[in-house]
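Q: Got a minute to walk through this fold with me? I'd like to start with the strands.

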Amino acid sequence: MAPSSKAVFVLVPGSAQNPSHYAYLQHLLLSQGYGVLSALLPTVGTGANVTVADDAEYIRSRMLLPILDHEKHNVVLVSHSYGGLPASAAARGLGKSDRAAEGKTTSVLGQIFIAAVLAKGGDGKDLVASFGGQLPPHIQVDEQENLIKCEDPKPPLFHDLPPVLADAVVISSMDQSLTSFRSPCPAASWDTEAFNGRCAYIRTVNDQSVPYEVQNMLLQGTGQEWITRDIETGHSAQLAAPEKLSSFIIEIAKQFEAM
């Protein structure tokens, strides 16, 4: 495959969400000439003992490396909510300077996180620890089925969507493996030298799942410099304001491409 001058967006969904929830956002990016790839994470829709590290390995081996090594395109990695944890881990060692040192000509040019949970990882702590040892009140645990559930996802996730759209998204949301929340978070890459100046965070101002104040605390806790943008939506900006979100993503991607 001949290389493109534009990067391909690899889009990692949030917890319990599936690629169809990002379909219009993907269409907008495709309409601007950018390739897009998304996929259902292995931890979604199953009560099996599938870990966040399994998600990271899937993203790396089935989403990132095929585009980098086989299709020979650069990647901009976009992740939402929970997806930020395995996505950043998957990109470790795939930054521009990392790949250049190996004689590779393609790389993950940068990472864009949307209302994402940021955990340094690699220290044995799980996602629950990242929430201060207690899950948010809208998340329920089903120990018997080994699932994370949200019995009423509209208020925390979809409160600012038109009712018909919100109903459809709820119907197509899926529970997620509890193991993914209780397994050690793999080491992130947003604090590595290769991604210095190449990480952006889009804050969702009206978020009732990961509140704006919590997003700011997460950013401050990293000790890193971030490119930041604010969008006036709840947690699912890709559904509430896809046009604005796509414009942010493309603007930031162009910065990464120029570096």
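Q: Which residue in β4 is the bridge partner of Val76?
A: Gly110 is the bridge partner of Val76 in β4. Bear in mind that this is a predicted model.

Q: How many bridges are there between β3 and β4, and in what sense do they pair?
A: Six bridges, and β3 and β4 pair in the parallel sense.

Q: What sheet has β3 and β4 in it?
A: An open sheet of six strands. The order is β2-β1-β3-β4-β8-β9, and the pairing is parallel.

Q: Which strands stand at the edges, and why do they count as edges?
A: β2, residues 36–38, and β9, residues 227–231. Each has a single partner strand, so one side of each has no neighbour in the sheet.

Q: What is the average twist from one strand to the next?
A: The twist averages 20°.

Q: Back to β4. How many of its residues are buried?
A: Seven of its seven residues, so "mostly covered" fits β4 by the under 20% cut-off for relative accessible area.

Q: And how many bridges join β4 to β8?
A: Four bridges join β4 to β8, and the two strands run parallel. In one of those pairings, Ile112 has Ala200 in β8 as its bridge partner.

Q: Then on to β8 and β9. How do they pair?
A: In the parallel sense, over five bridges. Strand β8 covers residues 199–204. Ile202 stands opposite Arg229 in β9.

Q: Which helix packs on the sheet there, touching β8 and β9?
A: Helix α9, residues 212–222. Its direction makes about 160° with that of β8.

Q: What does helix α2 lie across?
A: Helix α2, residues 52–70, lies across β1 (8–12), β2, β3 (75–80) and β4 (108–114). It runs at about 175° to β1.

Q: Salt bridges next. How many are there?
A: The count comes to eight salt bridges.

Q: Which residue meets Arg203 in a salt bridge?
A: Asp230. The N to O distance for the two side chains is 2.6 Å.

Q: Where do those two residues lie, and how far apart are they in sequence?
A: Arg203 lies in strand β8 and Asp230 in strand β9. The pair therefore ties together parts that are 27 residues apart in sequence.

Q: Is that Arg203 buried or exposed?
A: Arg203 counts as buried, at 14% relative accessibility. Asp230 is partly exposed, with a relative accessible area of 32%.

Q: Different topic: the three-strand sheet. What order do its strands take?
A: The order is β5-β6-β7, in an open sheet with antiparallel pairing. The edge strands are β5 (140–142) and β7 (176–177), and each of them pairs on one side only.

Q: How many bridges join β5 to β6?
A: Three bridges. Strand β6 covers residues 147–149, and the two strands run antiparallel. Gln140 stands opposite Lys149 in β6.

Q: Which residue forms a salt bridge with Lys149?
A: Asp142 does, and the closest N and O atoms are 3.2 Å apart.

Q: Are Lys149 and Asp142 buried or exposed?
A: Lys149 is buried, with a relative accessible area of 17%. Asp142 is buried too, at 18%.

Q: Which residue does Glu143 meet in a salt bridge?
A: Arg182, with 2.7 Å from N to O between the side chains. Glu143 lies in the loop between β5 and β6, and Arg182 in helix α8, residues 179–182. So the pair ties together parts that are 39 residues apart in sequence. Arg182 is partly exposed, with a relative accessible area of 44%.

Q: Last topic, cysteines. How many disulfides does the structure hold?
A: Zero disulfides.

Q: Why is there no bond for Cys185?
A: The closest cysteine sulfur is in Cys199, and it is 17 Å from the sulfur of Cys185, too far for a bond. The cut-off for a disulfide is 2.5 Å between sulfur atoms.

Q: Are Cys185 and Cys199 buried or exposed?
A: Cys185 is buried, with a relative accessible area of 5%. Cys199 is buried as well, at 3%.

Definitions and conventions:
Residues numbered from 1 in each chain as written. Predicted model: local features only at pLDDT ≥ 70, side-chain atom pairs only at ≥ 80, totals over all residues. Heavy atoms only, no water. Buried < 20%, exposed > 50% of the residue type's maximum accessible area, 1.4 Å probe, protein only. Pairing = 2+ DSSP bridges. Axes fitted to C-alpha atoms, helices over the stretch in contact; angles between N-to-C directions. Contact = heavy atoms within 4.5 Å. Salt bridge = Lys/Arg side-chain N within 4 Å of Asp/Glu carboxyl O.
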